[in-house]
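Q: Could you take me on a close look at one part of this structure, the place where its helices pack, and then show me the spaces inside it? I'm new to this, so plain words are welcome.

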Amino acid sequence: MKIPPLNPLKVFEVVARTNNLTLAASELNVSQSAVSRQVAVLEEYLGVQLFARERVGVRLTDVGETYARRIGPAFEEISAATAFITQKYSNNVIRLRTYTTLTARWLIPRLPHFKAQYPDVEVSILNSNAPLDFGVEKCDLAIVLGAGTWPDADATLLLEDIVEPVCAPGFIEGAATSEGLRGKRLLVSKYRKDDWPRWLAHAGMTDVFDTAEKMVFSSSILTWQAAMDGLGIAIGQQHMLDSEFQAGRLVRPFARPLRTGQGHYIVTPALQRHSDKIAAFKDWLMREAGRL
């Protein structure tokens, strides 16, 4: 691949577009003589004359006009690609990638507090359960459940992942024991199907899972709604159900929380330009988590 020196090439593109050495020098913020020297460097490299020098100004030769017509779109594409990369840092939109449960149960109830402090900043939310890859994601940051390590990214713990069974008041009568759990329908979230086996192992009730009737839902939110409606008993994520516990719609009959070793992390690209709006949003998220 043969590419001429890029600085003379850029100077040529500006002169060809403006058709004026003085205007080109002004746009490039250099002297007119510097523009002429750069054009001469390119002509020497190519071995052709790109401009015809006239008594007043210059004009493109036939070969120069053909060359300008072909390289012009390339510079336009470079400019558009650069704007695409940098524009997200210059506007007032924060692009956050997270997932539905955290968005609905933790983030949305708190967003009015952020909007009150930063009324000019818009938070655009993309919900996804796919593996996080900032190389293809069009987002500034993400809140992801995991162990805290993602390739080419920085992660800060926002909420520790703590789980335990939850159900409607009175669903389990008497003492909450393994015997009281037998015969009860277990409500299972598709994306957190390991929560029940892990909690039962934590509580010394591993034999319960294999024999129990199970009902599987596409999200944790649906399992919690089913638990509130008396369909069975679900595994609750502690930080997502504060309002249900306070209102008495759900109870924790066993009172034996399990720390899973994971957490909800604020994740940002390792190579990211500083942005005041993103820094402010991260600080706000951490303050909200600190109130728990």
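A: Sure, and keep in mind that this is a predicted model. Let's start with the side chains and backbone that touch. N7, P8, L9, V11, F12 and V15 of helix α1 are in contact with V35, Q38, V39, V41 and L42 of helix α3. Sort that contact by class and you get nine nonpolar residues, two polar ones and no charged ones.

How do the two helices sit against each other? Two packed helices are described by the angle between their axes and the distance between those axes. Here α1 covers residues 6-18 and α3 covers residues 32-46, and they pack at an angle of about 115 degrees with their axes 8 Å apart. Angles from 65 to 115 degrees count as roughly perpendicular, so α1 and α3 are roughly perpendicular to each other. The crossing of α1 past α3 is left-handed.

Helix α3 has another partner, α2, which spans residues 21-28. Those two pack at an angle of about 100 degrees, again with axes 8 Å apart, and that makes α2 roughly perpendicular to α3. On the α2 side, the touching residues are L21, T22, A24, A25 and L28, while α3 brings Q32, V35 and S36. This contact has five nonpolar residues, three polar ones and no charged ones. Look out for V35 on α3: it turns up in the contact with α1 and also in the contact with α2.

Now for the spaces. The largest pocket holds about 530 Å³. Its lining has 27 residues, and Y99, N129, L145, Y191 and R192 lie nearest the centre. Four elements give two or more residues to that lining: β3 (93-98), α5 (100-107), β5 (141-146) and α8 (195-202). Of these, β5 gives the most, with three residues. By class, the pocket lining has nine nonpolar, eleven polar and seven charged residues.

There is also one cavity of 30 Å³ or more, and the largest cavity has about 80 Å³ of space. It is lined by L187, V188, S189, R192, D195, W196, S220, T223, A234, I235 and Q237. At least two of these lining residues come from each of β7 (186-189), α8, α10 (220-228) and β9 (233-237). Split by class, the cavity lining has five nonpolar, four polar and two charged residues.

If you want something to find on screen, try R192: this residue is among those nearest the centre of the largest pocket, and R192 also lines the largest cavity. Helix α8 is worth a look too, as it gives two or more residues to the pocket lining and at least two to the cavity lining.

Terms used: Residues numbered from 1 in each chain as written. Predicted model: local features only at pLDDT ≥ 70, side-chain atom pairs only at ≥ 80, totals over all residues. Heavy atoms only, no water. Axes fitted to C-alpha atoms, helices over the stretch in contact; angles between N-to-C directions. Parallel < 35°, antiparallel > 145°, perpendicular 65-115°, else oblique. Left-handed = near helix turned anticlockwise from the far one by under 90°. Contact = heavy atoms within 4.5 Å. Nonpolar A, V, L, I, M, F, W, Y, C, P; charged D, E, K, R; others polar. 1 Å grid on protein atoms, 1.4 Å probe; cavity = no way out; pocket = protein on both sides within 12 Å on 5 of 7 lines; lining within 4 Å. Points joined across faces, edges and corners; volume = space filled by probe spheres on them.
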